[in-house]
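Here are a few short exercises to try with the model open on your screen. Have a go at each one before you read its solution.

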Amino acid sequence: MSYRNSKVVIVGAGKVGSTTAFSIISQGLCEDVCLIDVNREHAVGEALDMSDSIFFMHRNVSVHAGDYDDCADADIVIITAAAPMPKDSTDRLEMLKPSLGVVREVVQKVMASGFGGIFLVVSNPVDIMTYYTWKVSGLPAQRVIGSGTYLDTARLSRALSEMYDLAPASVEAYVLGEHGDSEIVSWNSATIGGKRVDAVMRDNADRTAGVTREGLRKRTVQAGWDIFSRKGNTCYGIAASATAICKTILFDENRIVPVSVYVEGQYGIDGIYLSVPTIVDHTGAKEIVEIDLEKDELDALRKSADLLGAFYDRLDA
């Protein structure tokens with residue numbers, strides 16, 4: 001895979017899709033960005049608007065509105081399309097039924113084009129929609145990835161870094177499981193500057209100010225709703241997350257990221273899409289990394305998997 005002739009198609013030119021496209025363009029990750037939307041004129045407008053920005057970025061990226069035939073030679077197809085979520089909702093799983101039809105139609109049309117690349121699913125509930133995309137597409141599970149808890153991990157890292165006035169990149173911690181209420185934090189492997197987070201919190205009790213592990217986990221879960229309840233959507237964080245995953249694929253980075261992948265026996269979980277640390281390269285989900293979890297963390301991760309698995313029998317691929 002190389003920059004020349006590299007192509008990313010984004011299905012859904014709403015807030016998340018268009019922001020993702022702009023983020024990819026601003027970083028110059030590929031040669032061609034294509035937007036597909038049920039409202040083609042909206043996609044055209046977004047593409048024209050973004051095209052005006054390229055001059056100021058000193059990039060040589062083509063961005064345009066297209067149709068499903070454009071997926072035939074795409075390296076990555078990002079699915080952001082989904083049914084609208086009620087503003088007063090606090091449950092991503094409420095989106096399940098109406099979004100299934102949307103994702104099914106999208107995947108069928110993409111596959112009909114002869115697509116042979118990698119699906120990156122962003123549509124919520126993302127773990128279930130990623131599983132559904134895999135089932136409908138018939139592609140190897142390695143080539144169907146969900147954005148998962150990568151953004152949640154960033155939110156946790158930011159919360160920890162703010163406590164100690166550090167850059168978020170100084171924190172290494174993973175949020176795993178469902179992108180939702182049952183997600184867990186791997187505290188056993190969480191470090192700040194190479195020092196275990198538990199030890200940092202203990203040695204800096206004055207800064208910790210009564211903050212607990214569970215309080216930080218709940219804050220991470222709630223972070224998206226804090227945004228959604230105020231502006232009716234979240235777009236910048238998830239767009240940056242999706243862009244980072246695209247970069248890892250397009251640049252063959254072999255980076256370990258917590259994304260939603262098909263787990264087959266790892267962590268004692270089988271046949272479930274959920275987020276675990278995964279080596280991602282140009283082939284997609286190259287390898288799942290099994291990190292050491294405390295017993296309660298492992299139990300919670302398995303419960304998260306059970307929760308997701310309970311919804312699978314509702315899906316009709």
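UniProt annotations may be inferred rather than shown by experiment, and the model here is a predicted one. Keep both in mind as you go.

**Exercise 1.** Find the residue that UniProt labels "active site" and decide whether it is buried or exposed.

*Solution.* Start with the record: the unreviewed UniProt entry puts "active site" at H179. Next, find H179 on the chain: it sits in the loop that links β8 (175-176) to β9 (184-185). Now take its relative accessible area, which is 10%. Buried means under 20%, so H179 counts as buried.

**Exercise 2.** Place N124, classify its exposure, and look for what its side chain contacts.

*Solution.* First, N124 belongs to the loop between β5 (118-121) and α4 (126-137). Its relative accessibility is 21%. The buried class stops short of 20% and the exposed class begins over 50%, so N124 is partly exposed. Then check its side chain: a polar atom there lies 3.2 Å from the backbone nitrogen of V126. Finally, look across the fold: T80 is 44 residues away in sequence, yet the two C-alphas are 8.4 Å apart.

**Exercise 3.** Work out how α4 spans space and how covered it is.

*Solution.* Take the span first: the twelve residues of α4 reach 16 Å from first C-alpha to last, close to the expected 16 Å. Then check burial: eleven of the twelve are buried, including V126, Y131, Y132 and W134. Last, step just past the helix, where G138 has a positive phi of about 80°.

Technical notes: Residues numbered from 1 in each chain as written. Predicted model: local features only at pLDDT ≥ 70, side-chain atom pairs only at ≥ 80, totals over all residues. Heavy atoms only, no water. Helix = DSSP H or I, 4+ residues; strand = E, 2+ residues; numbered from the N terminus. Buried < 20%, exposed > 50% of the residue type's maximum accessible area, 1.4 Å probe, protein only. Polar contact = N/O pair within 3.5 Å; in protein donor to acceptor, adjacent residues only side chain to side chain. Expected span 1.5 Å × (residues − 1).
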